[in-house]
Amino acid sequence: MAEVLVLVDSVDGTVKKATFELLTAARQLGEPAAVVVGASGTAAALKGQLGEYGAAKVYVAEGDDIASYSVAPKAAALAAVAAQASPAAILLSSSPENKEIAARLAIKLDSGLLYDAVGLDADGTATQQIFGAAVSVQSKVSKGTPIITVRPNSFAPEPSAGAAEEVAVAVSLSDADKAARVTDSVLEEKGSRPQLSDAAVVVSGGRGIGKADNFAIIEKLADSLGAAVGASRAVVDAGWVPHTMQVGQTGVTVSPQLYVAVGISGAIQHRAGMQTSKTIVAINKDAEAPIFEIADFGVVGDLFEIAPALTDEITKRKS
Amino acid sequence: MKEVSERMNIVVLMKQVPDTEGDRKLDPSDNTVDRNAVDPVINYIDEFAIEEGLQLKEAHGGEVTILTVGPERATESIRKALSMGADKAVHVTDEALHGSDAAGTAKAIAKALGTIEWDVAIAGSEATDARGAVVPAMLAELLGAPQLTQARKVTVDGTSVSIERVTESGYEKVEASTPAVISVVEKINDPRYPSFKGIMAAKSKPIDVKSLSDIGLDAGEVGLANSWTQVASFENAPPRAAGQTVKDEGDGAAKIADFLASKKLI
């Protein structure tokens with residue numbers, strides 16, 4: 001059976017859930033094989049976890065140069081693995097950086113790229129949702145090795161035993177791969193909340209919160225649910241929260257199990273970034289707000305009363 | 001001498017897209033974007049790329065050239081970009097380009113850049129129609145040029161360009177030498193509105209219309225039939241069915257918690 005390569009995303013020695021989702025999705029296309037690309041020593045901690053989700057092989061493309069340059073070395077490493085493995089397909093989770101890696105890889109391999117899939121069939125047909133999820137599209141790669149980026153939370157990860165046989169891959173970087181040097185990496189987000197883009201639960205605040213100080217109401221509700229925190233464009237434009245938190249057409253697109261919209265009217269530009277959420281809950285004082293047209297459960301009322309009460313209620317029920 | 005060498009040839013990559021406020025559709029005859037269903041506009045994020053180009057010109061001297069690959073009608077958007085202050089434009093348009101996917105488009109841009117002098121090529125980080133955010137990376141790969149993408153800040157010093165690249169947890173500082181491919185995120189600046197004077201001046205600014213043969217790209221490399229990906233089918237998704245909405249009677253929070261519990265979400 002042909003291999004299906006899955007690029008591994010990890011943080012501090014822990015494989016991200018999105019990678020387990022891809023290893024699960026890969027099984028219908030062929031034999032899942034994980035690809036670890038990073039600084040020397042990255043793979044050691046990850047191998048066992050990857051085996052638990054069915055990785056028959058773990059290709060290890062490590063080098064201290066890889067993280068020193070932006071994007072291009074990771075594409076070069078994946079191309080080197082692809083040359084060795086002749087895979088049936090290559091899957092990456094749809095983060096902004098992974099989409100750029102996939103883009104470069106598509107050019108290197110003369111292969112078609114499908115991005116932001118939310119579904120994947122055994123014959124390689126990917127389902128994408130476009131125009132703010134108003135249109136659902138089925139696409140296939142018609143040239144080369146299919147390269148497909150898949151939105152986090154599109155598949156439920158299912159454990160399955162894999163041999164996780166380690167295969168080292170040598171990567172040599174060209175001058176072009178080393179053209180954009182990373183000179184510093186700065187962490188701006190504080191605290192231990194999950195990352196917005198692939199969180200299972202997202203709580204977002206909108207204009208209804210009134211002022212920056214009130215955003216703590218959203219954060220407390222998010223923390224009670226173990227959720228990431230998002231915001232509407234109005235809140236970002238007002239400067240109450242950083243742009244990285246913007247959910248919507250021109251911000252982050254999320255597709256969580258649960259999306260809680262607090263004080264968000266639900267303009268098309270916001271809905272475009274969260275409409276594929278599995279379950280949507282909305283709190284808004286305006287019964288006519290468009291967010292209620294797409295909410296699975298909505299409460300018309302004062303967020304300043306409901307959100308803190310909900311935080312308490314969830315905390316109580318969880319304990 | 002220094003002053004002359006610092007003058008920058010700034011190219012801004014601009015895409016015309018269907019207005020996101022409209023009811024965007026695919027054309028069932030060939031599954032491509034229906035460009036007549038909704039009024040076309042400059043891709044919203046490209047306005048930030050244009051502004052960044054204009055600011056680089058104001059700081060370093062030089063020229064801003066708008067480069068657009070797209071149908072004839074894109075002229076309207078090109079004129080608007082020129083009215084914001086860009087100096088001239090190159091418009092690659094050819095029937096054979098219809099239906100090109102991201103890779104086909106990137107090839108056309110790469111070839112077109114080969115016909116002009118450029119120090120930086122600045123794009124918006126993504127287009128609001130396809131939302132791929134992949135063309136700038138493809139372009140850098142095709143050209144063998146440095147990729148400086150997802151920038152929230154761009155600094156040019158002679159032939160050195162550095163950016164702050166937005167990451168999921170903050171930012172990275174990335175630097176390279178010109179010529180470099182840059183993409184900018186929205187909010188990097190505050191795009192200017194065209195002035196009346198700018199609108200009048202734009203009417204006489206040159207737009208160099210080029211065909212595929214003018215840029216030296218074989219028609220077999222682009223277009224729907226040669227695309228590396230194909231849309232097999234599509235359906236207009238039924239609008240998401242609304243669920244239950246209740247009025248808060250002091251029990252709103254408890255009702256949400258009940259709902260979440262019923263879905264096993266808490």
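Let's start with one helix, α5 of chain A, residues 215-225. Which of its residues are buried? They are Ile217(A), Ile218(A), Leu221(A), Ala222(A) and Leu225(A). Looking down the axis of α5(A), these buried residues fall within an arc of 135°, so they line one face of the helix. What covers them? The cover includes three strands of chain A, β13 (201-205), β14 (228-231) and β15 (258-262). Helix α9 (303-318) of chain A is also part of the cover. Right after α5(A) comes Gly226(A), with a positive phi near 65°.

A word of caution before I go on. This is a predicted model.

Now the sheet that crosses between the chains. It is open and has 10 strands, with mixed pairing. Follow the order with me: β11(A), β5(A), β4(A), β1(A), β6(A), β10(A), β7(A), β8(A), β9(A), and then β14(B). Which strands sit at the edges? They are β11 (165-168) of chain A and β14 of chain B, and each pairs on one side only. Neighbouring strands are turned by 35° against each other on average, ignoring direction.

Strands of a sheet pair through backbone hydrogen bonds, either parallel or antiparallel. Both kinds turn up here. Take β4 (residues 31-38) and β5 (residues 57-62) of chain A: they run parallel, joined by 6 bridges. In that pair, Val36(A) stands opposite Val60(A) of β5(A). Now go to the chain crossing. Strand β9 (residues 135-141) of chain A pairs with β14(B) in the antiparallel sense, over 7 bridges. There, Ser136(A) has Glu235(B) as its bridge partner.

A helix lies over part of this. Helix α1 (residues 17-26) of chain A lies across β1 (3-7), β4, β6 (89-93), β7 (113-120) and β10 (147-150) of that chain. Against β6(A), α1(A) runs at about 155°.

Stay with β7 of chain A for a moment. Asp116(A) has its place in that strand. Its phi is positive, about 60°, although Asp116(A) is not a glycine. Is Asp116(A) buried or exposed? It counts as buried, because it has 23 C-beta neighbours inside 10 Å.

Next, the nonpolar cores. The largest has 137 residues. Which members touch the most others? Val6(A), Val35(A), Leu91(A) and Val12(B) do. Helix α3 (residues 72-85) of chain A gives the most to this core, 9 residues. Val6(A) shows what such contacts look like. Setting aside neighbours within four places in sequence, its contacts include Leu22(A), Leu23(A), Ala26(A), Val35(A) and Leu91(A). Apart from this core lies another, of 51 residues. Among its members are Ala231(A), Val236(A), Val281(A) and Leu260(B).

Over to chain B. It has 8 helices and 15 strands. Its C-alpha trace spans about 75 × 45 × 40 Å along the principal axes. Of its 266 residues, 50% count as buried. Now take the contacts in chain B with a separation of 6 or more: 72% of them join residues 24 or more positions apart.

How many residues does each chain bring to the contact between A and B? Chain B brings 65 and chain A brings 75. On the chain B side, the elements giving two or more residues include α4 (102-113), α5 (135-143), β9 (147-157) and α8 (252-262). That side divides into 32 nonpolar, 17 polar and 16 charged residues.

Three spots in the loops of chain B, then I'm done.

The first topic is Asp30(B), in the loop between β3 (26-27) and β4 (32-33). Asp30(B) counts as exposed because it has 12 C-beta neighbours inside 10 Å. Beyond its neighbours within four places in sequence, Asp30(B) is in contact with Gly99(B) and Leu224(B).

Then Ala133(B), in the loop between β8 (120-124) and α5 of chain B. Phi of Ala133(B) is positive, near 60°, and this residue is not a glycine. Ala133(B) is buried, with 25 other C-beta atoms within 10 Å.

Last, Pro179(B), which lies in the loop between β11 and β12 (180-184) of chain B. What kind of peptide bond joins Thr178(B) to Pro179(B)? A cis one, with omega about 0°.

How values were computed
Residues are numbered from 1 along each chain as its sequence is written. Chains are lettered from A and ligands numbered from 1 in the order in which they are written. This is a predicted model: local features need pLDDT of at least 70, side-chain atom pairs count only at pLDDT 80 or more; totals for chains, interfaces and linings use all residues. Helices (H or I, at least four residues) and strands (E, at least two) are DSSP runs, numbered from the N terminus. A residue is buried if 20 or more other C-beta atoms lie within 10 Å of its own, exposed if 12 or fewer, and partly exposed in between; C-beta atoms are placed from the backbone. Two residues are in contact if their C-beta atoms, placed from the backbone, lie within 7 Å. Ala, Val, Leu, Ile, Met, Phe, Trp, Tyr, Cys and Pro count as nonpolar, Asp, Glu, Lys and Arg as charged, and the others, Gly among them, as polar. Two strands pair if DSSP finds at least two bridges between them. A nonpolar core is a set of buried Ala, Val, Leu, Ile, Met, Phe, Trp, Tyr and Cys residues joined through C-beta atoms within 7 Å. Axes are lines fitted to C-alpha atoms, for helices over the stretch in contact, and angles run from 0 to 180 degrees between N-to-C directions. The arc is that of the directions from the helix axis to the C-beta atoms.
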